[in-house]
Each structure stands twice: as C-alpha cells, then as structure tokens.
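Work through the exercises below with the model open. Try each task before you read its solution.

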Amino acid sequence: MLIKKPRDIASSEITPREAFRGRRRFLAAAGLGAAAAAAGIATRRAAAIAPDAPHPGGLPALPARKKAELSTLEALTPYKDVTTYNNFYEFGTSKRDPAEYAGRLRTRPWTVVVEGEALKPRSFGIEDLLKLAPMEERIYRHRCVEAWSMVVPWIGYPLSSLLRAVQPTGKAKYVEFVTLLDPAQMPGQSNPVLQWPYREGLRMDEAMHPLTLLTFGLYGEVLPNQDGAPLRMVIPWKYGFKGAKSIVRIRLVEQQPVTSWMRAVPDWYGFYSNVNPHVSPQNWSQATERRIGQGGAFGGLFAPRVPTQMFNGYGDQVARLYAGMDLSKYF
Ligand code: MTE
C-alpha cells in the first residue's frame with residue numbers, strides 16, 4: 001500500500017520498489033499449477049501443500065472441512081511467501097516487517113466486541129468465536145492493490161454466522177471492522193502513516209455474502225500473527241486492504257464508515273475497492289498482476305504478469321450486488 005500523493009510518485013516506481021525491498025525470497029516457484037489443476041482438487045491439494053505439509057508453520061492445527069465448490073483450483077502460494085510477504089502496517093511498512101515484529105502480539109486472551117445496530121450486541125472471547133460455526137477451508141485468490149496476488153487456503157466461516165448471532169436491526173446498513181490499538185505491542189502505530197486503529201468496512205449485503213470469510217487460519221493451522229491473528233476478514237472479490245487483521249471490534253452502523261485508507265488517500269482508495277482491471281484510481285494500472293511465489297527471487301519480481309479478472313474472478317457470485325452502480329464512481 002502506498003500513501004504518497006499521485007503527483008509525488010512515478011508509476012514505474014510502484015511494484016518494483018516493493019519487490020526490491022522484499023529482500024531475498026527463499027522458495028522458488030511451486031511449478032505445480034497446470035498438472036495439479038488438470039488432476040482435480042484432491043491431487044492438486046496434496047501436491048500444492050506437500051512442500052510445507054503437514055504443519056508448515058508449526059502452529060496449532062485448525063481442522064476444517066474443505067469447501068471445494070468455493071475454492072479455486074490454482075496452485076497454492078507457498079506458505080513461506082504467504083507468511084513473509086505481508087502488509088500489516090502496525091508492525092512496519094516493509095513486506096518483511098510483519099514476520100519480523102508481529103511475534104510480540106499477544107493473541108490470548110482476545111475479545112471481540114460486536115455492537116451497534118443489533119438486538120443482541122455482545123462480546124465474544126476468541127475461544128467462543130472458534131466454536132461459533134463449522135470451520136471451512138476456502139482456497140481464494142488474494143489480490144492486493146499493489147498488483148500482486150496469491151492463492152491462499154484460508155480457514156474460517158462466513159461472517160454472516162457471527163452477525164446473525166447478534167441480530168442486526170433494520171438500521172444496520174454497514175459493518176465496520178476495527179483492529180487492536182496498542183502501540184506497545186504494535187510499534188508501527190507510533191508512525192502516523194495511517195490513522196490508528198486500522199478501520200475497514202463493508203456494506204451489509206457484502207458482509208452477509210457467503211464468500212465473505214471471518215478467518216482464523218490458513219494452511220491447516222491458526223493464523224500466524226503477521227497474517228492477522230487471531231482473526232481477520234477475507235473478502236476475495238475486493239483488494240486485500242479490505243481484509244482488516246487482528247480485529248477487536250465489529251460495529252453495525254447506519255452510515256458508511258470512513259476507512260483508514262479512504263482517510264489517508266481518498267482519491268486512490270474508495271469504500272468499495274472491488275478488484276477491477278478497468279478502473280485504476282491510483283496512478284498505476286490494475287489491469288494485470290504478478291503471482292507471488294512464482295517468479296523466484298526478489299518477491300516474485302520476475303513472475304509473469306497475468307490479466308486481472310473483474311471482481312478477482314468472483315463476478316458470477318457478486319456482480320449482482322453492484323447492478324446499476326457506476327463502478328468507476330464507486331471504486
Ligand atoms: N489490517 C491491518 N490491521 N493493518 C494493515 O496494515 N493491511 C491490509 C490488509 N489488512 C493491513 C490490514 C493490506 S494492504 C493487505 S494487501 C492485506 O491485509 C494483506 O494481507 P496478508 O499480509 O495476509 O497477505
């Protein structure tokens with residue numbers, strides 16, 4: 001993510017700069033995509049996970065049933081890349097900072113307040129949330145506005161399960177997500193690069209959509225801290241920054257929330273932020289992306305660029321949510 005104003009930054013600088021700062025990459029391309037996809041889900045899953053299996057991060061296992069019909073068949077991004085090439089500005093602005101500094105975050109005990117326009121607002125301890133609904137593994141494309149992407153086997157359940165539990169009122173039109181505010185644990189919060197705590201939001205129908213995942217794990221284990229432990233959002237048809245990490249508060253509200261990135265650079269980051277190859281409010285193009293982990297060294301700098309798909313390829317499921325809206329205006 002970038003916070004410079006458009007006039008300050010050359011378009012040629014955008015992706016390569018991050019990639020060069022990404023330092024050394026440890027894993028070469030998985031090289032498993034075509035054959036595995038042809039062989040179907042079971043083979044693909046086994047092949048793609050094999051380099052890191054059975055417990056790639058050595059974290060507690062998080063059993064989940066596989067949700068094949070909502071999962072992509074593309075080759076998984078290696079665990080190493082998913083957990084060392086991160087955006088989590090609470091721990092610094094470079095891609096390696098979260099893996100280096102997020103270890104200090106204490107994720108137990110952890111409480112999430114769900115409040116606002118709800119008949120039964122309440123606090124949930126993380127252990128209660130883990131048991132609230134059956135865990136599912138969903139393999140989603142994960143597209144960052146910086147024009148890189150990954151394929152990640154997330155674990156969680158639909159956010160709708162949690163929202164239904166508090167019974168939203170008729171006035172609940174939007175949902176706001178708020179990350180922990182604690183500069184002692186999150187040294188990046190001493191840097192006013194964003195207004196803290198990190199805030200994101202969804203329209204109510206987006207929040208209730210079955211693809212919208214309240215996420216507790218990846219690759220068969222609980223989330224590593226750098227990926228947003230103990231819980232985060234994943235909304236696969238939107239740019240990655242919509243997926244707030246380490247959430248402590250979920251608010252049902254009547255007015256559209258102002259998100260951290262909208263506040264920082266309103267011209268670049270809209271409320272909707274649906275992946276859209278035809279609209280690039282930033283001064284770099286969203287038409288293509290490079291798949292992290294498939295281009296060898298330097299953060300996948302040499303990965304071939306592939307065309308970005310409208311709604312990140314989830315148009316069949318979500319395009320109807322935006323029927324009649326001018327998506328160049330509501331970016
Ligand atoms: N959540 C918080 N709290 N702080 C952040 O800086 N960065 C966002 C999003 N969620 C961010 C955040 C951005 S820009 C992206 S692309 C994704 O997290 C990255 O998720 P990943 O590191 O797991 O790939």
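**Exercise 1.** Decide whether phenylalanine 271 is buried or exposed.

*Solution.* This is a predicted model, so every value here is computed from it. Start with the relative accessible area of phenylalanine 271, which is 3%. The cut-off for buried is under 20%. Phenylalanine 271 is therefore buried.

**Exercise 2.** Do the same for tyrosine 272, then classify the ring pair of phenylalanine 271 and tyrosine 272.

*Solution.* Take tyrosine 272 by itself. Its relative accessibility is 6%, so tyrosine 272 also counts as buried. Now turn to the two rings. The centres of phenylalanine 271 and tyrosine 272 are 5.4 Å apart. Their planes stand at 90°. Planes over 60 degrees apart count as edge-to-face. The pair is edge-to-face.

**Exercise 3.** Find how many aromatic pairs the structure holds, and classify the pair of tryptophan 261 and tyrosine 269.

*Solution.* The count is 15 aromatic pairs. In the pair of tryptophan 261 and tyrosine 269, the ring centres lie 5.0 Å apart. The angle between the planes is 65°, so this pair is edge-to-face. Both tryptophan 261 and tyrosine 269 are buried.

Next, place these two rings in their cluster. Ring pairs join Trp261 and Tyr269 with Tyr89, Phe241, Trp268 and Trp284.

**Exercise 4.** Which residues come nearest to the ligand, and how does its shell divide?

*Solution.* There are 17 residues around the ligand. Tyr89, Glu90, His142, Arg232 and Lys245 come nearest. Sort the shell by type: 7 residues are nonpolar, 6 are polar and 4 are charged. Tyr89 belongs to the ring cluster as well.

**Exercise 5.** Which atoms of tyrosine 89, lysine 245 and threonine 179 lie close to polar ligand atoms, and how much of the ligand is covered?

*Solution.* Begin with tyrosine 89. One of its backbone N or O atoms is 2.7 Å from a ligand oxygen. Lysine 245 uses a polar side-chain atom, 2.7 Å from an oxygen of the ligand. For threonine 179, a side-chain N or O atom lies 3.0 Å from a ligand nitrogen. Finally, check the cover. On its own the ligand has 530 Å² of accessible area, and the protein covers 100% of it. The ligand takes up the space of the largest cavity.

Terms used:
Residues are numbered from 1 along each chain as its sequence is written. This is a predicted model: local features need pLDDT of at least 70, side-chain atom pairs count only at pLDDT 80 or more; totals for chains, interfaces and linings use all residues. Side-chain values use heavy atoms; hydrogens and water are left out. A residue is near a molecule or strand if one of its heavy atoms lies within 4 Å of it. A polar contact is a pair of N or O atoms within 3.5 Å; within protein, one must be able to donate a hydrogen and the other to accept it, and residues adjacent in sequence count only if both atoms are side-chain atoms. Accessible areas come from the Shrake-Rupley method with a 1.4 Å probe; for residues, only the protein chains shown count as cover. On a 1 Å grid over the protein atoms alone, a cavity is a set of points where a 1.4 Å probe fits but cannot get out, and a pocket is an open set with protein on both sides within 12 Å along at least five of seven lines; lining residues have an atom within 4 Å of a point. A molecule sits in a cavity or pocket if more than half of its atoms lie within 2 Å of its grid points. Ala, Val, Leu, Ile, Met, Phe, Trp, Tyr, Cys and Pro count as nonpolar, Asp, Glu, Lys and Arg as charged, and the others, Gly among them, as polar. Rings of Phe, Tyr and Trp (its six-membered ring) pair if their centres lie within 6.5 Å; planes under 30 degrees apart count as stacked, over 60 as edge-to-face and the rest as tilted. Buried means under 20% relative accessible area, exposed over 50%, partly exposed in between (1.4 Å probe, protein chains only).
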